[in-house]
Amino acid sequence: MARRSGTGSVTGQAARATVRTATGAADEPAMRRRLAVEPADGAAAALLAGLLAGRGGLVEARRWLDRAIALQPSRERLTARATLDAVLAQQAEATGDRGAAQDRWGAVLASGAADATAALAAHDALARLHAADDLAQAAEHALAAWRATPADTTRAGNAWQLLTHMGEAAEVERFERRVAEREDAAGLVGLGNALRRAGHALRAERVYRRALERFPEVSMTLSRLACLCAEQMRLEEADALFREAARRHGGRDVVTRVSPAFLAELKAAPPSAGVTVSLAEGRGVADRPLMLYASCDSRYFRLFVPTMLRSLVEESGLDAAICLHVVNPDGPCREAMLDLARRYGPERFVLAEETVDLAPFGAQAKTYYACGRFLLLPELLRRYGKPMLMLDVDLMAIRDLKPLLATSASADLGLMTNALKRLDLWSLLYADVVHLHPTGRTLRFLELTRRYIRHFLKPGTAHWFLDQAALAGAFLAGFTDEPAPRFAWYPTDIHSSTIMVDGEGRYWTDDHAYFYSVRATGGGQTAMARAVRRAGTLGELRAFQAGQGVQAAARTTTAAQA
């Protein structure tokens with residue numbers, strides 16, 4: 001989340017701030033002797049604090065500085081104490097003492113005397129620390145950091161994320177109390193989010209508009225209101241709000257468009273460019289009734305694809321061809337692709353290699369990796385003319401997938417939706433599990449999605465979540481003038497968020513899900529890489545452990561009786 005400040009630089013500031021009045025003749029023993037004789041000498045107490053800070057004795061330096069301020073308060077000493085608190089806060093956070101870190105950073109701000117550097121570090125840190133326990137507090141500090149540095153896109157993004165995700169349905173009363181006590185931007189947006197999640201859209205809109213009226217500089221509120229309007233199919237109004245939000249703070253709102261007129265322009269434009277790939281195709285691909293499709297770069301291939309592919313072959317129960325699409329594969333990745341094809345039968349594989357210069361994208365190259373599959377997907381569906389199951393590479397099958405695919409057998413597309421929980425338009429449709437049938441409606445939907453992606457997939461505008469923003473835009477506004485595709489919706493708990501892996505690579509997963517997903521856990525890369533062989537479900541493991549416990553208790557009782 002929010003950035004960290006460098007401890008060393010603030011430590012140096014603390015030493016300089018507290019030792020400012022020191023002279024070459026001053027030393028710590030001399031100051032201690034002086035204070036033993038004249039305990040009310042504030043200057044000596046401040047000088048001793050500076051000497052202690054200079055050698056790293058910050059806790060004791062803080063105590064002597066407290067005495068100096070009590071005896072002879074000054075702005076300079078208050079600022080020095082705030083700087084010392086900043087260093088102590090960083091040390092507490094580095095050792096995992098979150099409570100002490102929050103208290104110290106809070107003292108920095110409460111002093112009212114912190115310099116700009118220390119105050120900004122405090123807001124950044126408190127936004128980061130409170131993200132784990134109080135999103136409203138975190139958002140308040142993130143906004144303060146952003147207001148101090150309005151051109152900083154990272155801090156703008158931190159504030160945007162927190163304002164987007166705070167406010168659960170059960171928190172309506174809590175946010176109402178907060179707003180009644182003090183009407184701040186974080187409280188109002190949190191109340192709007194909570195009301196929307198609780199199904200009170202009219203009240204939520206009024207609160208969002210109140211937030212915009214009171215705090216017009218907090219442009220992130222525009223995005224919240226835009227999502228609400230889009231949910232109610234007020235698409236032109238939502239689109240105008242997204243465009244204004246994009247103009248003012250950039251980020252994900254830049255690639256979020258829901259105007260039917262904008263989608264109509266995309267449909268009327270010349271065909272969008274696909275991608276150029278080299279294909280190695282097995283002889284038995286045409287004989288398989290289904291194709292599994294996954295796309296990534298070399299790094300993600302090494303991290304996830306071997307485990308993912310093993311799980312699909314061993315656990316999914318699907319008779320499927322397999323298409324692996326890698327963007328800019330390096331030598332080891334090419335070898336790994338061939339090795340996997342040999343291991344699981346080269347006749348069923350399509351190996352697609354794409355070479356593209358992503359240097360101009362910089363950090364946004366990851367967006368291309370996420371979107372590249374949608375650039376190739378329409379051609380694959382036309383070429384092979386069979387149903388496809390497109391999957392993120394950072395998941396693995398944990399049971400027979402045929403019952404899941406049966407639920408979308410009569411639809412054009414099957415995919416997961418979770419709009420209300422996240423409040424984001426770009427989370428309306430998920431791209432991690434997509435079941436596609438080779439129908440005209442599916443192909444028109446995919447072509448429009450590709451045109452949408454191509455429109456924004458350029459250096460500077462290739463923002464993360466572009467692929468899912470494109471899916472949402474095409475779904476909401478792309479078929480107002482023609483029959484829309486038929487969708488089947490998968491529930492969000494098709495993903496497991498828990499996995500247990502033992503030292504031998506055996507693993508146990510949730511009882512109900514179809515996939516274990518790194519995305520669903522917010523981590524778990526290491527666990528997935530260690531997973532070698534599925535041993536059962538967590539329920540089975542718990543039952544076994546309970547049985548072992550009963551047996552152990554019985555043995556203990558028998559021994560005691562003997």
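**Aromatic rings**

Select Phe445, Phe475, Phe479, Phe487 and Trp489: in this predicted model, ring pairs link these residues into a cluster. Across the structure, the count comes to 13 aromatic pairs. One of these is formed by Trp464 and Phe465, which should be selected next. Their arrangement is edge-to-face, with 6.3 Å from centre to centre and 90 degrees between the planes. These two values are the ones to look for, because a pair of aromatic rings is described by the distance of the centres and the angle of the planes.

Are these two residues buried or exposed? Trp464 has a relative accessibility of 36% and therefore counts as partly exposed. Phe465 is also partly exposed, at 23%; the cut-off for a buried residue is under 20%.

**Charges over rings**

Keep Trp464 in view and add Lys366. Lys366 lies over the face of Trp464, at 4.5 Å from the ring centre. Then move to Arg174 and Phe175, where the charged end of Arg174 sits over the ring of Phe175, 5.1 Å from the centre of that ring.

**The second largest pocket**

Next, display the surface around Thr153, Gly157, Gln161, Gly251 and Arg252. The pocket found here is the second largest, with a volume of about 610 Å³. It is lined by 23 residues, and the five just selected are the closest to its centre. To see which elements build the lining, colour helix 9 (153–165) and helix 18 (365–384): these are the elements that give two or more residues to it. Which of the elements gives the most? Helix 9 does, with nine residues. Sorted by class, the lining of this pocket holds nine nonpolar, twelve polar and two charged residues.

**A three-stranded sheet**

Now select residues 395–397, 495–496 and 515–517. The first two ranges are strand 6 and strand 10, and the third is strand 13. Together they make an open sheet of three strands in the order 6-13-10, with mixed pairing. Strand 6 and strand 10 stand at the edges; each has a single partner strand, so one side of each is left without a neighbour in the sheet.

Strands of a sheet pair through backbone hydrogen bonds, either parallel or antiparallel. In which sense do strand 6 and strand 13 pair? Their pairing is antiparallel and runs over three bridges. Select Ala397 as well, which stands opposite Phe515 in strand 13.

**Two loops with a positive phi**

Most residues other than glycine have a negative phi. Two residues to select in this respect are Met233 and Asn328. Met233, although not a glycine, has a positive phi of about 65 degrees. Its place is the loop between helix 13 (220–231) and helix 14 (235–249). With a relative accessibility of 46%, Met233 counts as partly exposed.

Asn328 is not a glycine either, yet has a positive phi of about 50 degrees. It is found in the loop between strand 3 (320–327) and helix 17 (331–344). Asn328 counts as partly exposed, at 26% relative accessibility.

**The whole chain**

Finally, zoom out to the full protein chain. It contains 25 helices and 14 strands. The C-alpha trace spans about 95 × 80 × 50 Å along its principal axes. Of the 562 residues in the chain, 53% are buried.

Key: Residues numbered from 1 in each chain as written. Predicted model: local features only at pLDDT ≥ 70, side-chain atom pairs only at ≥ 80, totals over all residues. Heavy atoms only, no water. Phe/Tyr/Trp six-rings, centres within 6.5 Å; stacked < 30°, edge-to-face > 60°. Buried < 20%, exposed > 50% of the residue type's maximum accessible area, 1.4 Å probe, protein only. Lys NZ or Arg CZ within 6 Å of the ring centre and 35° of its normal. Pairing = 2+ DSSP bridges. Helix = DSSP H or I, 4+ residues; strand = E, 2+ residues; numbered from the N terminus. 1 Å grid on protein atoms, 1.4 Å probe; cavity = no way out; pocket = protein on both sides within 12 Å on 5 of 7 lines; lining within 4 Å. Points joined across faces, edges and corners; volume = space filled by probe spheres on them. Nonpolar A, V, L, I, M, F, W, Y, C, P; charged D, E, K, R; others polar.
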